[in-house]
Amino acid sequence: GGSAQHFQQILSCSGCARLRMAVRATSLERQPSALLNYDGRYEVYNKDITYDPVFEHARRYEQITIGPRTKTSTDGAVNISHDSDLEYLKKFEEDLPGGRHFIEHSLRNRELEIIAEDGDRITMSISNNTRVYQVRATIGSWMGIDSKTLEFVAKEGPYWKVQQEHSEIPSSVKVKGIKSFARPRQEYKHPLMIMGAGFGGMVTAMKLLQRGRTDFMMFEKMHDFGGWSWFGIANKTTKLQTEAGSYHMEFFFQELGFPGEMPTWPSREHLLMMFSRGGRRFGLEEHTRFNTKITKIVQKGEGVPGRWFAVYHEPVNDEDGDCEVMQAGAALCWPGNLVAYKIDEYTGEDLFGGYIEYASLNRADFTQVANRVTTIVGHGAFAIENVRTCLEFDCAKMVVLCRRRNITAPKPVSWLVTQHPVPIPGPVMMEALCDAYKLLEWDPWTAYSVTTDAKRSKCRIDQGTMFGVTDVYFAAGYYGLMDIVIGDVKKLSFQCIQLKNGKKIQCEVILKTVGVRGDYQTDKILGLKELVGYWVNGDQLFPAITNSLFVQASNFAGFSIGPGLAGSVEQILWFVDFPMDFEMIRGTLPRHNKENNVIKGNALYVYSAAHAASTAIMAGQVPGLGLAAGVMGTLKHVKQRIAHPVEPFIRECTAEWEMYCDMCLANPNCKDKPRPPYPYTVESLERYKRMTDVAMGIAK
């Protein structure tokens, strides 16, 4: 279709250097692996494309998963399974046949060509000593077939010879037992439907076009791309808290680089502009109906492809508009979990005599905080954003009132966890957090959410809100312009908050940031009784995906939703292409229903981080899907380093820190304290990267 051609044209004409996947969208075997080595030029294995990112000396190539590599020495077998083993062996190279050259040659990569019965070919990079049985197992896993049925033959002189199990595999082989490497995907009688044209819905549509699926329609309640979270919930002063390097339209495609016009922490208006322009650039407008709300989705028929969905929809602002029904082959839903603020009313609000408002949905007038003591109720990511906004609007002083003190992350910690190839261990991240928390004289290891041991060698964080990411929080706290008070509101009196523990807070402004919830009506629209993984009532053609709630982890791979969203899109579209694969994991997926719902005061379609993590792990057990979903995990840190090299990033953070320190010093209520240097440097971030490498066994 025209949109698919337009989409491919964007990819092929991109001005950035291209990281081309030498794969067809429906082929399992051509998905790139997650291996990135930093010892040479970044290089695609087909040799005709090279990519030289900002961080120099990196090479990328495909490699199949194999067991420990073995070479025989005079003392017997020596396993070579890690780079550290190789360095150890080099010290004893005289004990090995051929010495160092023999070891290095045995580990050198070469290309392997595999030819199916119909002539379809794939090429992968393998080690010189890769055996036939290893390739057989890998190909069988990729194709989802019994590897014992496969037979490899190679030409030796004028004859074709069957290759034995433990023989080193030749550079070109034919495989008997696989007619073609391309899996036939499921086709549908009716168009596919996408609910919501926010970030998730847009990426889903882009990925459909990339797959050549042009018969779909996306419905959006708003007048443009972007979603309610940015149109409705965010304030005009809201900024992206995490770095833009993993939150832009091009992030989801290896062929596309970082858009040069994106600031590191873009504003709400900049992001809405990005969504609007991006949707049109990628040809999504012709597949989207704006100002249209879905009122009901009903499953019809049985089986695949006999099952279909009746999607009832109507205009948003036209009370006399007729309800229409679309017949859809699949219903791919992104309903959003940030829909309405939670109501938190206090006794005595009419007696307060000051300004009280919910600080989201553009309700708050921040000019009211100027030269006034302001209490921010809550300690989630939105409360932390309001600390920045209040300081910018010349607030006299801020009091953050909360039931429990959550962990807030400085900007370099967010950068650190996103840029690393492997997740940052909890203890390393906590040590990085301490650099900023020293300014507040508070130890984050003592937070309610942290579980550790006496030596602090282990760490798990179970926090009831996502990490707020900011540096202003630490500057304002250091200068005494922000206090943290633990307690519950009992009642209000004139410019006073009386707490249940007997304490009192004198203030003139109250900003409520007590959380945002999902929409209970969405449960009814979906007909939701139970989420099985991401799928409504266990239907693999009817996913409903949102951002998961809470922090529940021991290792941390990023605070941005971009990389996780990319994996989720791959998972739901995999089962659109290959719906029968869902039966492999149906019985192992986590279930979320009224009986086991741990999220109180929220809609059923909203789920926790633990539920999302379990779903991703189980989906990764499907042969090929784990590789497809893992591609963005592989490129996450590459794109982060390209978009935000460490030295310019630290310079920008430092300049912003100095600006906010100046704001604090200009406040007459600022404490007389020495000006603090920025808590992070290039050297400190490199130290934490090194600590991660050691903890994960990558380095000694």
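**Close-ups of two sheets and a helix pair**

**View 1. Helices H9 and H16 are roughly antiparallel to each other, because a crossing angle over 145 degrees counts as such.** This is a predicted model, and the close-up shows H9 (residues 411–419) beside H16 (residues 646–666). Their axes come within 10 Å and cross at roughly 160°. The handedness of the H9 and H16 crossing is right-handed. On the H9 side, the contact uses Lys411, Pro412 and Trp415. H16 answers with Val646, Phe649, Ile650, Cys653 and Glu656. Sort the residues of this H9–H16 contact by type and you get 6 nonpolar, 2 charged and no polar.

**View 2. Five strands line up as an open, parallel sheet.** Reading across, the order goes S18-S30-S19-S20-S26. Which strands stand at the edges? They are S18 (355–358) and S26 (482–486), each with a single partner strand, so one side of each has no neighbour in the sheet. On average, and ignoring direction, neighbouring strands here are turned by 20° against each other.

**View 3. Zooming in on the S19 and S20 pair, we see a parallel match over 5 bridges.** S19 covers residues 373–377, and S20 covers residues 397–402. To find your way along this pair, pick out threonine 374: its bridge partner in S20 is methionine 398. Helix H8 (residues 381–392) packs on the sheet as well. What does H8 touch? Its contacts are with S19, S20, S26 and S30, the last of these being residues 509–512. The direction of H8 makes about 165° with that of S19.

**View 4. Another open sheet is built from 4 strands, with parallel pairing.** The strand order is S12-S11-S10-S16. At the edges sit S12 (288–289) and S16 (331–333), and each of them pairs on one side only.

**View 5. Here S10 and S11 pair up in the parallel sense, over 4 bridges.** The stretches to look for are residues 192–195 for S10 and residues 216–219 for S11. A handy landmark is methionine 193, which stands opposite methionine 217 in S11. Then there's helix H5 (residues 199–210), lying across S10, S11 and S16. How does H5 run relative to S11? The angle between H5 and S11 is about 170°.

How values were computed: Residues numbered from 1 in each chain as written. Predicted model: local features only at pLDDT ≥ 70, side-chain atom pairs only at ≥ 80, totals over all residues. Heavy atoms only, no water. Pairing = 2+ DSSP bridges. Axes fitted to C-alpha atoms, helices over the stretch in contact; angles between N-to-C directions. Contact = heavy atoms within 4.5 Å. Parallel < 35°, antiparallel > 145°, perpendicular 65-115°, else oblique. Left-handed = near helix turned anticlockwise from the far one by under 90°. Nonpolar A, V, L, I, M, F, W, Y, C, P; charged D, E, K, R; others polar.
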